Every structure is written in structure tokens, then in C-alpha cells.
Amino acid sequence: MSGRYLILIAAAFLTAMVVFNACTPDDEEGPFTVDCDPSLENGGCDYAEYCAETEVLDDSGFPTGELKYECTLRDTCSYEMQDCPIGWYCETTGYCFKGEGPDIDTAQPDNNLPDNNLPDTDTALPDGDTDSSLPDTTLPDTDTDTDTPQPDNDTDTTQPDTVVPDTDTTGVLDLTENFENGAANWTLEGDWQIGAPAYGIFTTYGGANCAGTNLTGVYSNDADAKLTLNQQLSIPGGAAEPVIEFYAYVNAEGSSMIANDYVEVLIKKSTDTWESATKAVFTVGPYLDSSKTKLTGNTNNADATWQLYRASLSAVKGESVQIAFRFRSDSSSAAAGIYIDDLHIH
Ligand SMILES: [Ca+2]
Ligand SMILES: [Ca+2]
């Protein structure tokens, strides 16, 4: 290559350098000005700053479509108020950070609902929603309390119970009657009396009083008389078996084969008459006829003790019923009678 060519090449190179430099934007104004790097943690900015993304404007103030990143001071905020712009949350340091923020509620598991940047304040409610500003529409109630007066067994009183039906009726019924308050709760017909027995067994099962078919002598012939509990009973409809149980002294003409004189327990639904009422069938009790519905026998008084009798009320589950002890006797051969104490319906 000759010296002339070398000079020409050098001249062309210098010319190109001048032109190139003239067209290169300087670092302060150019579209690729990078004060921070968004790929770095916090863009490489100070803690009180964030790596802001802005569009580069041209000399006339119009967006060029190019982006630049600059460390920018964060907004200050109140952690309690969470007063950052939408899409930002207030850190405990008092600076706004982008995002939804951590779940502030440590007492409840997060049910995957977004926190909406609001601090969660519910720590006592059983709903699984950590964001107290959102209604609980996701999680079923899981409370298992046994309150029964309310149709809703939800312990969370701020929300309607729309998920779990109330099947909890256990414990509604727990009636105990020891007859110590006299006849306040009862309607007595015929031979029925409440008081201290002065005949037959001469003692109560407990306390001073019991109920009985004439407490001072033998019962009447041709009797048909009820001892009726005045109140209506709501028999639970749940899984538990409702029962009626009581202690009785039995001394009445009859046997397992035939009940000449007897007491039966009638369970009357609102649609029944006393004649059509259900008769309790006893599973426990020594002096019963073969139908297990009539207390009778022991006229020789060989067993002068109080004995437990028990019958299921499952046949009237979920019903409102009234209970009566019905005493009937035939036309002859009376005896000491049938006494009742410590009635328990549950
Ligand atoms: Ca008693
Ligand atoms: Ca008789």
C-alpha cells in the first residue's frame, strides 16, 4: 500500500470520528441514562429510595418511547394507616414499597385472599379470612359449639351462617323433677297426689316428696286419671337418643301376662289426642307387662324398693310433646299403688 493511500484512509477515519462524536448524545440527556438498575435488589438505590422507571422525553416534552431508571425518594407513610398509593404498602419503616405486602395478621392462617394492602385487624373471629375488610365467603364455619337456643350455631356473630346447617340440638332438653316443689308443674287427676308417702313404701326415692296414686292408702277401682306435666317439651332431633327415666315403687294388681291396674306414660304430640298419644316402651324396669308399656305387679309387696324405669323418646324426635302418667284400674282388687320420683327427661 502506498503512502498516498495511507493518508487517505487516515483522513477518512478522522472525518468519521468527528461525525460520530457529533451524533452521539451526551450522557446527561440520552435515552439510555441509567441511574439505577432494576435487576439489582432495590435497583441498587438507598433504602429510602426506589428505582423509578420513567419515559424519556424529547426536547419538546413528548415521550420518546425510551425508558430510563433513576433512584427516587420513596413516599413516607403510616404503617397503621397503610396510606400508600394503590399497589403499594407501608413498611414498618414508614416508607412505601411496591406490592401487596406481607400478611400482617399472625393469629390466623391466610386463606389465599389478597390483603388489598389493608392491615388485618381480626384476630378473634373464626372466619379464615385474614383481611377484615372482605366478607367471609370462602371458608365454611367450623365451630362446634353446642348452643341450642339460636338456630345459628356460628360463634362468629358478625357473619350469617350460610354454609353449615345447624344440626346441633343436643342438650336442649334436660328436665329434672323431684316433686320437692309440690304440684307447681303438674295437673293432677283422680288418685294422683304429690307429697310424702304415708302408705305402701312409706319413703320417697329422694327428698320429702314424690308423686303417687293415693299416698295415704290403696288406689280407687275403675280409675282413669292422668298426672300431666304442664309444659311442652321440645324433643331434640339430633343424633343423641332422648329418654325419659324415673324411679318408681310399683304395687298394683297385674302381671306380665295381664295388667289389671297399671301406670303408662303417654307422649302426646300436638296433632295427637291423649287417646292417640304414643306410649313409652320401657327398656329398663322390673315390673312391666309383656308390652313393656305398663308398670304393674308386685302386689305381694315382695320388693318394697324404688326401681329405675327408662324408655326411649326416639319415636318423637324433633317433636314438641306433652307427657303424662296415666293410671288405670279395673273394678276390683286395689293395692298400694304406683309412686314416681326423680323424673329425668333428656
Ligand atoms: Ca322426691
Ligand atoms: Ca284392680
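User: What makes the arrangement around the calcium ion (ligand 2) irregular?

Analyst: This is a predicted model. In it, the six donor atoms around the calcium ion (ligand 2) subtend angles of 56 to 151°. Six donors count as octahedral if opposite donors are over 155 degrees apart and all others lie between 65 and 115. The angles here, 56 to 151°, do not fit, so the arrangement is irregular.

User: Which atoms are the protein donors of that calcium ion (ligand 2)?

Analyst: They are Glu253 (OE), Asp261 (OD), Asp261 (OD), Asp330 (OD), Ser332 (O) and Ser333 (O). They lie 2.2 to 2.7 Å from the ion. The cut-off for calcium is 3.2 Å, so these atoms count as donors. Along the sequence, the donor residues follow the spacing E-x7-D-x68-D-x1-S-S.

User: Why are Ser332 and Ser333 called partly exposed?

Analyst: Partly exposed lies between 20% and 50% relative accessible area. Ser332 has 36%, so it belongs there. Ser333 has 43%, so Ser333 belongs there too.

User: What makes the arrangement at the calcium ion (ligand 1) irregular?

Analyst: Its six donor atoms subtend angles of 51 to 154°. Octahedral would need opposite donors over 155 degrees apart. The angles at this ion stop at 154°, so the arrangement is irregular. The donors are Asn178 (O), Glu180 (OE), Gly206 (O), Asn209 (O), Asp341 (OD) and Asp341 (OD), at 2.2 to 2.6 Å.

User: Why can Glu180 and Asn209 be said to tie parts of the chain together?

Analyst: Glu180 lies in the loop between β5 and β6, and Asn209 in the loop between β7 and β8. The pair therefore ties together parts that are 29 residues apart in sequence.

User: Are these two buried or partly exposed: Glu180 and Asn209?

Analyst: Buried means under 20%. Asn209 has 17% relative accessibility, so Asn209 is buried. Glu180 has a relative accessible area of 30%, so Glu180 is partly exposed.

User: How do you know that strands β11 and β15 pair?

Analyst: Pairing needs at least two bridges. Six bridges join β11 (residues 243–251) to β15 (residues 307–312), so the two strands pair. They run antiparallel. Val243 has Ser312 as its bridge partner in β15.

User: What about β14 and β15?

Analyst: Strand β14 (residues 282–284) and β15 share two bridges, which meets the cut-off, so they pair. The sense is antiparallel. Val284 has Arg310 as its bridge partner in β15.

User: Why can Val218 belong to a surface patch?

Analyst: Patch residues need over 30% relative accessible area. Val218 has 38%, so Val218 passes that cut-off. Tyr199, Phe202 and Val218 form the nonpolar patch, with about 280 Å² of accessible area together.

Definitions and conventions
Residues are numbered from 1 along each chain as its sequence is written. Chains are lettered from A and ligands numbered from 1 in the order in which they are written. This is a predicted model: local features need pLDDT of at least 70, side-chain atom pairs count only at pLDDT 80 or more; totals for chains, interfaces and linings use all residues. Side-chain values use heavy atoms; hydrogens and water are left out. Donors are N, O and S atoms within 2.8 Å of the metal (3.2 Å for Na, K and Ca); water is not among the atoms, so sites may look incomplete. Four donors count as tetrahedral if all angles lie between 85 and 135 degrees; four count as square planar and six as octahedral if opposite donors are over 155 degrees apart and all others between 65 and 115; anything else is irregular. Helices (H or I, at least four residues) and strands (E, at least two) are DSSP runs, numbered from the N terminus. Buried means under 20% relative accessible area, exposed over 50%, partly exposed in between (1.4 Å probe, protein chains only). Patches are made of residues with over 30% relative accessible area and no salt bridge: like charges are joined within 9 Å, nonpolar side chains (Val, Leu, Ile, Met, Phe, Trp, Tyr) within 5 Å. Accessible areas come from the Shrake-Rupley method with a 1.4 Å probe; for residues, only the protein chains shown count as cover. A salt bridge is a side-chain nitrogen of Lys or Arg within 4 Å of a carboxyl oxygen of Asp or Glu.
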